[in-house]
Amino acid sequence: MRRPLVGVPKEKKNMEAVNFDHLFVITGGPGSGKSTLINALAGRGISTMPEAGRAIMQDQMAIGGEALPWSDRRAFAELMLSWEMRSYRTALSLSGPVMFDRGLPDVLGYLRLSNLPIPSHVDNASRIFRYHRRAFIAPPWPQIFELDRERKQSFEEAQATHKIMTETYFALGYDLVSLPLDSVQARVRYVLAAIG
């Protein structure tokens with residue numbers, strides 16, 4: 001019998017009954033092939049949730065906004081948090097596995113990487129809105145890493161992001177599965193086998 005949660009926010013009590021075993025995260029540093037893999041999984045009929053950061057950057061640049069990693073990292077993190085929570089709620093209503101291009105713990109990791117204080121609501125969101133215990137992490141891969149209009153980090157920053165995301169997901173109780181440095185189709189097969 002499950003004991004009642006005392007002194008826990010109401011949202012956490014509500015999330016206790018949520019079945020999140022079909023929600024899977026792919027995390028890692030920039031330029032490690034996450035989005036390419038997510039797109040390939042979508043092509044195989046798997047439901048996916050796009051990365052918040054890139055879409056937010058595109059929107060902010062289009063409107064002349066300041067919530068960008070090179071302008072206002074705190075505002076950027078808050079927009080990512082909102083995006084990820086909305087994606088999470090959307091994914092709960094989907095049947096079958098859903099693959100996320102990053103998840104709520106990535107916002108926590110981003111703030112740590114940026115040496116910014118962690119607001120309690122970000123920490124709470126990372127602990128309350130859970131994904132499948134098995135999360136995938138794409139390791140740094142110099143052969144495919146490249147810069148673009150939104151990706152301005154160096155390869156060294158990509159390595160530091162990988163390290164922080166590893167620490168963050170482990171601290172939140174996730175079992176990280178490292179993706180192979182292999183072709184997109186090999187990665188697709190690997191993920192599909194791992195999620196059953």
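These are my notebook entries on the sheet, the salt bridges, the aromatic pairs and one histidine of a predicted model.

**Entry 1: the sheet**

I began with the strand order. The model has an open sheet of five strands, and I read the order as S2-S3-S1-S4-S5, with parallel pairing. At the edges I found S2 (47-49) and S5 (175-178). Each of these two has a single partner strand, so one side of each is left without a neighbour in the sheet. From one strand to the next, I noted an average twist of 30°.

I then looked up what packs on the sheet. Helix H8 (residues 184-195) does, and I listed its contacts as S1, S3, S4 (134-138) and S5. I put the angle between the direction of H8 and that of S4 at about 165°.

**Entry 2: strand S1**

Next I followed S1, residues 23-28, through its pairings. With S3 (residues 98-101) I found four bridges, in the parallel sense. Within this pairing, valine 25 stands opposite phenylalanine 100, and phenylalanine 24 has methionine 99 as its bridge partner. With S4 I found three bridges, again in the parallel sense. On that side, glycine 28 has alanine 138 of S4 as its bridge partner.

Is S1 enclosed by the rest of the structure, or is one face left exposed? I checked residue by residue. Six of the six residues of S1 are buried, so S1 is largely enclosed by the rest of the structure. Leu23, Val25 and Thr27 are buried on one side, and Phe24, Ile26 and Gly28 are buried on the other, which covers both faces.

**Entry 3: salt bridges**

I searched the whole structure for salt bridges and got six. I looked at some of them one by one.

I took aspartate 106 and arginine 102 to begin with. They form a salt bridge, and I have 2.7 Å between the closest N and O atoms. I looked up the accessibility of both residues: aspartate 106 is buried, and arginine 102 is buried as well. The pair also belongs to a network of salt bridges that links Glu51, Arg102 and Asp106.

I went on to arginine 112 and glutamate 167. Their closest N and O atoms are 3.2 Å apart, and the two residues form a salt bridge. Arginine 112 lies in helix H5 (residues 104-113) and glutamate 167 in helix H7 (residues 155-171), so this pair ties together parts that are 55 residues apart in sequence. I found arginine 112 partly exposed, at 34% relative accessibility. Glutamate 167 is partly exposed too, at 31%.

The next pair I looked up was arginine 133 with aspartate 175. Their side chains meet in a salt bridge at 3.0 Å, N to O. I placed arginine 133 in the loop between helix H6 (120-128) and S4, and aspartate 175 in strand S5. This pair links distant parts of the chain, 42 residues apart. For aspartate 175 I have a relative accessible area of 39%, and I entered the residue as partly exposed.

**Entry 4: aromatic pairs**

I counted six aromatic pairs. One of them is phenylalanine 24 with phenylalanine 136, for which I have 6.5 Å centre to centre. The planes make 45° with each other, and I entered the pair as tilted. Phenylalanine 24 lies in strand S1 and phenylalanine 136 in strand S4, so the pair ties together parts that are 112 residues apart in sequence.

I checked how accessible the two residues are. Phenylalanine 24 is buried, with a relative accessible area of 3%. Phenylalanine 136 is buried as well, with a relative accessible area of 0%.

I also noted a cluster in which ring pairs link Tyr88, Phe100, Phe129 and Tyr131. Phe100 was already in my notes as the residue of S3 that stands opposite valine 25.

**Entry 5: histidine 162**

Last, I looked up histidine 162, which is found in helix H7. Does histidine 162 count as buried or exposed at 19% relative accessibility? I entered histidine 162 as buried, because the cut-off for that class is under 20%.

Which residues does histidine 162 touch, not counting residues up to four places away in sequence? I listed Gly29, Ile137, Ala138, Pro139 and Pro140. Ala138 had come up before, as the bridge partner of glycine 28 in S4. For proline 139 I also noted the C-alpha to C-alpha distance to histidine 162, which is 6.6 Å. In sequence, histidine 162 and proline 139 are 23 residues apart.

Technical notes: Residues are numbered from 1 along each chain as its sequence is written. This is a predicted model: local features need pLDDT of at least 70, side-chain atom pairs count only at pLDDT 80 or more; totals for chains, interfaces and linings use all residues. Side-chain values use heavy atoms; hydrogens and water are left out. Two strands pair if DSSP finds at least two bridges between them. Axes are lines fitted to C-alpha atoms, for helices over the stretch in contact, and angles run from 0 to 180 degrees between N-to-C directions. Contact means heavy atoms within 4.5 Å. A salt bridge is a side-chain nitrogen of Lys or Arg within 4 Å of a carboxyl oxygen of Asp or Glu. Buried means under 20% relative accessible area, exposed over 50%, partly exposed in between (1.4 Å probe, protein chains only). Rings of Phe, Tyr and Trp (its six-membered ring) pair if their centres lie within 6.5 Å; planes under 30 degrees apart count as stacked, over 60 as edge-to-face and the rest as tilted.
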